[in-house]
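I opened this entry to keep track of what I looked up, in the order I looked it up. The sequence and the coordinates come before the notes.

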Amino acid sequence: MLDHMTKRKPQNDADVRTQIEALAEMASQGDKKALCGLIEKISKSVLFQLTYLLNDKSSVEDVSQNVLLRVCENICGLRKPKAFKGWLARIIINENNRYLAKNLRLGGSLNIDDYTDSMEDGRSLPHERVENNELHKTVIEIISGLPERQREAVILHYYNDLSVTEVAKLMNITPQTVSKNLSIAREKLYSIIIRI
């Protein structure tokens with residue numbers, strides 16, 4: 001009986017989303033304990049997304065810290081806790097773009113090999129749907145090889161579960177362009193996978 005009580009059920013996405021929204025609401029009202037809980041809940045997701053967006057593992061942690069800092073600084077301005085996921089995605093995109101712009105101004109370049117070296121740590125997109133390890137690596141390689149805008153659309157749509165309209169708003173492009181980017185990414189993925 002004790003074993004049954006101590007085993008934790010895995011949380012589904014809806015439960016996690018509800019918890020994050022509740023924490024975001026309390027944090028937006030000044031609850032510091034809720035803010036700490038919120039940061040703890042989202043930190044792995046922020047790292048995961050930036051790993052795909054930046055393709056530069058040496059900077060992912062720095063940019064992630066900037067994202068979490070922005071959340072802490074601006075959470076009191078969050079008016080709709082149910083919109084937290086989109087609000088966070090906008091912060092991630094802005095910090096990613098700020099890093100890329102700074103890196104390009106300084107004459108730096110992004111090395112795709114930095115990204116592919118990090119594939120061994122088990123991250124995937126979408127990670128629940130990829131069962132075969134070889135297929136997993138292939139999917140990661142395909143996503144990492146996509147142009148920046150396509151990669152960004154894939155992360156926002158499939159990982160963040162945002163609608164095409166929400167992705168378009170965050171990326172400042174039309175929904176048709178998002179759909180086109182997603183379609184090209186799906187076609188590329190499909191064409192490679194059927195050859196396996």
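**Overall make-up**

I began with the secondary structure, and the protein chain comes to 10 helices and 0 strands. The model is a predicted one. I read the pattern along the sequence as α-α-α-α-α-α-α-α-α-α.

Next I looked up burial for the whole chain: of its 196 residues, 39% count as buried. The protein chain exposes about 12000 Å², and carbon and sulfur atoms supply 52% of that area. For contacts with a separation of 6 or more, I noted that residues 24 or more positions apart account for 63%.

**The core**

Which residues touch the most other members of the largest nonpolar core? I found L38, I42, L50, F84, L88 and L156, out of 46 residues in this core. The elements that give it two or more residues are α2 (13–28), α3 (32–54), α4 (57–74), α5 (84–105), α7 (133–145), α8 (148–159), α9 (164–171) and α10 (175–193). Helix α3 gives the most, with 11 residues.

I then took I42 and left aside its neighbours within four places in sequence. I42 is in contact with I20, L68, V71, F84 and L88. Of these partners, L68 and V71 are among the buried residues of α4.

**Helix α4**

I listed the buried residues of α4 as S59, V60, V63, S64, V67, L68 and V71. I also checked the length of this helix. The 18 residues of α4 should span 26 Å at 1.5 Å a residue, and the end C-alpha atoms are 26 Å apart, so the two values agree.

**Helix α5: F84 and W87**

I searched for aromatic pairs and the count comes to 1. F84 and W87 form this pair, which is tilted, with 5.7 Å centre to centre and 40° between the planes. I call the pair tilted because 40° is neither under 30 degrees nor over 60. The two residues are 3 apart in helix α5, so about one helical turn separates F84 from W87. F84 has 2% relative accessibility, which is under 20%, so F84 counts as buried.

**Helix α5: A89**

A89 is also in helix α5. Is A89 buried or exposed? Its relative accessible area is 2%, so I entered A89 as buried. Not counting residues up to four places away in sequence, A89 touches L156, N160, L162 and L170. L156 had already come up among the core residues that touch the most other members. I also noted A89 and E166, which are 77 residues apart along the chain, with their C-alpha atoms separated by 9.9 Å.

**Helix α5: E95**

I turned to E95, which lies in helix α5. E95 has a relative accessible area of 4% and is buried. Its side chain makes a polar contact with the side chain of R98, at 2.2 Å. What is E95 in contact with, leaving aside its neighbours within four places in sequence? I found V63, N66, V67 and R70. V63 and V67 are on my list of buried residues in α4.

**A loop residue**

Last, I looked at N172, in the loop between α9 and α10. N172 has a positive phi of about 55°, although it is not a glycine. Its relative accessibility is 65%, which is over 50%, so N172 counts as exposed.

Technical notes. Residues numbered from 1 in each chain as written. Predicted model: local features only at pLDDT ≥ 70, side-chain atom pairs only at ≥ 80, totals over all residues. Heavy atoms only, no water. Core = buried A, V, L, I, M, F, W, Y, C linked by side-chain atoms within 4.5 Å. Buried < 20%, exposed > 50% of the residue type's maximum accessible area, 1.4 Å probe, protein only. Helix = DSSP H or I, 4+ residues; strand = E, 2+ residues; numbered from the N terminus. Contact = heavy atoms within 4.5 Å. Areas by Shrake-Rupley, 256 points an atom, 1.4 Å probe, with all protein chains shown as cover. Phe/Tyr/Trp six-rings, centres within 6.5 Å; stacked < 30°, edge-to-face > 60°. Polar contact = N/O pair within 3.5 Å; in protein donor to acceptor, adjacent residues only side chain to side chain. Expected span 1.5 Å × (residues − 1).
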